[in-house]
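Colleague: Could you take me slowly through one helix of this model and then through the parts that surround it? I am in my first year, so please spell out the reasoning as you go.

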Amino acid sequence: ISFYKIGLQLFTVAGPDAVRQIKSQGKRVFLDLKFHDIPNTVAGAVRSAAKLGVDLLTIHASGGSAMMEAAVKAAQDSAAPRSDQTRILAVTVLTSMDAASLRSINLALSPAEQVVSLAKLAHNAGCGGIVCSPKEITLVRAAIAPEMKIVVPGIRPPGSPADDQSRTATPREAIARGADYLVIGRPITAAADPRAAAQAIAHHLGPQ
């Protein structure tokens, strides 16, 4: 494994040291903290994350254009000369949510419609990628620029339980639909043998 996701649970316990430890080993880091606040606050948080050298960083697309634009600008301003800047990923609709979940917060659009709407907003704000479920990959790819990355959680290998995810697919299905990165958590971390689980997923995908 060369790319690690650090989410809210680990970051709350270990903080920036978790990022530093992984980066010191020459690995890449996806910092998945899903910032959602006023533009100035989010920009400050992005600058702090960029100083740590994180490769991918999530914000909520539902925070709006001004917030996303502030995040993108902060990442650009924080990039050292001739180095890769932190790529801002806009989270569209959480993979745990379905149509009923959206209606409960007064959103009449279907998950797919909401995802595409937010993806377009993030594209216009200059974000470097989108986070969506496997079910919307094809629609999102048609709605955004080709250089934008599509990062896909809700990945479940064949035979794995869905857990609290509502919109899932196997790793091979997600890749075939056009995913750039797969986020695979519990199928590995909750396995009795995480190493074997990761190897099984790599075998399932085959040569890439």
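Modeller: Let us begin with the length of helix α3, where the expected span for 13 residues at 1.5 Å a residue is 18 Å, and the C-alpha atoms at its two ends are indeed 18 Å apart, so the two values agree. Please keep in mind that this is a predicted model, and that every value here is computed from it.

The next thing to look at is which residues of α3 are hidden. V42, A43, V46, A49 and A50 are the buried residues of this helix, and because they cover an arc of only 125 degrees around the axis, they lie on the same side of α3. The reasoning behind such a pattern is general: an α-helix has 3.6 residues a turn, so residues three or four places apart point the same way. On the face of α3 that is turned away from the buried side, you will find the exposed residues N40 and K51. The buried residues, for their part, pack against β2, β3, α4 and β4. Just after the helix comes G53, which takes a positive phi of about 85 degrees.

One of those buried residues leads us into the interior. V46 is among the residues that touch the most other members of the largest nonpolar core, a set of 46 residues, together with I59, M68, I88, C127 and I130. The element that gives the most to this core is helix α4, residues 65-78, with 6 residues. Apart from this core lies another one, made up of 7 residues, including F30, L89, V91 and V151. If we follow I59 and leave aside its neighbours within four places in sequence, its contacts are K34, F35, V42, M67, M68, A71, I88, L89, A90, V91 and C127, and you will recognise V42 there as one of the buried residues of α3.

Several of the elements around α3 are strands, and it helps to see how they are joined. Strand β3, residues 56-60, pairs with β4 in the parallel sense over 5 bridges, and one pair of partners is L56 with R87 in β4. Strand β4 also pairs in the parallel sense with β5, residues 129-131, over 3 bridges, where A90 has I130 of β5 as its bridge partner. Strand β4 itself, residues 87-91, is mostly covered, with 4 of its 5 residues buried.

Helix α2, residues 16-24, can be read in the way we read α3. Its buried residues are A18, V19 and I22, and since they cover an arc of only 100 degrees around the axis, they sit on the same side of α2. The face turned away from that buried side carries the exposed residues D17, Q21 and S24. What covers the buried residues of α2 includes β1, α1 and β2. Just after this helix, G26 takes a positive phi of about 80 degrees.

We can finish with the charged side chains, for which the structure holds 6 salt bridges. One of them lies within α2, where the side chains of R20 and D17 meet at 2.8 Å, N to O; because these two residues are 3 apart in the helix, they are separated by about one helical turn. Another brings together D55 and K23 at 3.0 Å, N to O. Here D55 lies in the loop between α3 and β3 while K23 lies in helix α2, so the pair ties together parts that are 32 residues apart in sequence. With a relative accessibility of 22%, D55 counts as partly exposed, and K23, at 26%, counts as partly exposed too.

A further salt bridge joins D32 and K5 at 3.4 Å, N to O, and this pair links distant parts of the chain, with D32 in strand β2 and K5 in strand β1, 27 residues apart. The two partners differ in their surroundings, since D32 counts as buried at 8% relative accessibility, whereas K5 counts as partly exposed at 45%. Salt bridges that share partners join K5, D32 and K34 into one network, and K34 is also among the contacts of I59.

Definitions and conventions: Residues are numbered from 1 along each chain as its sequence is written. This is a predicted model: local features need pLDDT of at least 70, side-chain atom pairs count only at pLDDT 80 or more; totals for chains, interfaces and linings use all residues. Side-chain values use heavy atoms; hydrogens and water are left out. A nonpolar core is a set of buried Ala, Val, Leu, Ile, Met, Phe, Trp, Tyr and Cys residues joined through side-chain atoms within 4.5 Å. Buried means under 20% relative accessible area, exposed over 50%, partly exposed in between (1.4 Å probe, protein chains only). Contact means heavy atoms within 4.5 Å. The arc is that of the directions from the helix axis to the C-beta atoms. Two strands pair if DSSP finds at least two bridges between them. A salt bridge is a side-chain nitrogen of Lys or Arg within 4 Å of a carboxyl oxygen of Asp or Glu. The expected span of a helix is 1.5 Å times one less than its number of residues.
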